[in-house]
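Open the model in your viewer and keep the sequence beside it. The tour below goes from one selection to the next and says what is there at each stop.

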Amino acid sequence: MRVEVNDRELRKLLEQIARQIEEADQHFRQTHTGLPVDVVRADAPDALPSNIQLTDEDLDKYAVAVAGDEPFEFHLGG
């Protein structure tokens, strides 16, 4: 099987994924900013879209960022 995706469709797909991440992050921050890092860390995997998985190290960094109301940069890619 071969799947071909043109640049326009790929860009559109990545923009859709980015919007899903941004919306989930915004909602999660509304409920978790200022909480202890261990609470944020425990809840983070369930707060992100199901197709987004962070490494343990990135989850730790994300939890610290959310708890401290700091920015966090998601990277899409393999």
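A residue is called buried when its relative accessible area is under 20%. Keep that cut-off in mind, because Val66, with 0% relative accessibility, falls under it and counts as buried. The model on screen is predicted. Its average pLDDT is 92, and 97% of the residues score at least 70.

**Whole chain**

Start with everything selected and colour by secondary structure. Three helices and zero strands appear, in the order α-α-α from the N terminus. The radius of gyration is 14 Å, well over the 12 Å that the globule rule gives for 78 residues, so the protein is more spread out than a compact globule. Turn the C-alpha trace along its principal axes, and the span is about 45 × 20 × 15 Å. Of the 78 residues, 23% count as buried. Contacts between residues at least 6 apart in sequence can also be sorted by separation: 60% of them join residues at least 24 apart.

**Helix 1**

Next select residues 7-32, which form helix 1. Among the elements, helix 1 has the lowest mean pLDDT, 93, while helix 3 (residues 56-67) has the highest, 97. Helix 1 contains 26 residues and reaches 37 Å from its first C-alpha to its last, close to the 38 Å expected.

Look at the N-terminal end of helix 1, where Asn6 acts as the cap. A side-chain oxygen of Asn6 lies 3.2 Å from the backbone nitrogen of Arg8. Past the other end, pick Gly34, which follows helix 1 and has a positive phi, near 95°.

Now show the side chains of Ile17, Ile21, Ala24, Asp25, Phe28, Arg29 and His32, the buried residues of helix 1. These residues pack against helix 2 (37-47) and helix 3.

**Arg29**

Stay in helix 1 and select Arg29. Is Arg29 buried or exposed? Arg29 has a relative accessible area of 15%, so it counts as buried. Follow its side chain to the backbone oxygen of Glu70, which it reaches at 2.9 Å. Leaving out residues up to four places away in sequence, Arg29 touches Tyr62, Ala65, Val66, Asp69, Glu70, Pro71 and Phe72.

**Val66**

From that list, move to Val66, which lies in helix 3. What does Val66 touch, beyond residues up to four places away in sequence? The partners are Asp25, Phe28, Arg29, His32, Thr33, Gly34 and Val40. Set a distance between Val66 and Val40: the two are 26 residues apart in sequence, yet 7.3 Å apart in space, C-alpha to C-alpha.

**The nonpolar core**

Val66 and Val40 both belong to the largest nonpolar core. Select its nine residues: Phe28, Val40, Ala44, Leu48, Leu59, Tyr62, Ala63, Val66 and Ala67. Helix 2 and helix 3 are the elements that give two or more residues to this core. Helix 3 gives the most, with five residues.

Finish on Ala67, another residue of this core. Setting aside neighbours within four places in sequence, Ala67 is in contact with His32, Thr33, Gly34, Leu35, Val37 and Val40. Among these partners is Gly34, the residue with positive phi that follows helix 1.

Methods:
Residues numbered from 1 in each chain as written. Predicted model: local features only at pLDDT ≥ 70, side-chain atom pairs only at ≥ 80, totals over all residues. Heavy atoms only, no water. pLDDT = per-residue confidence, 0-100. Helix = DSSP H or I, 4+ residues; strand = E, 2+ residues; numbered from the N terminus. Expected span 1.5 Å × (residues − 1). Buried < 20%, exposed > 50% of the residue type's maximum accessible area, 1.4 Å probe, protein only. Contact = heavy atoms within 4.5 Å. Polar contact = N/O pair within 3.5 Å; in protein donor to acceptor, adjacent residues only side chain to side chain. Core = buried A, V, L, I, M, F, W, Y, C linked by side-chain atoms within 4.5 Å. Rg over C-alpha atoms; globule rule 2.2 N^0.38 Å.
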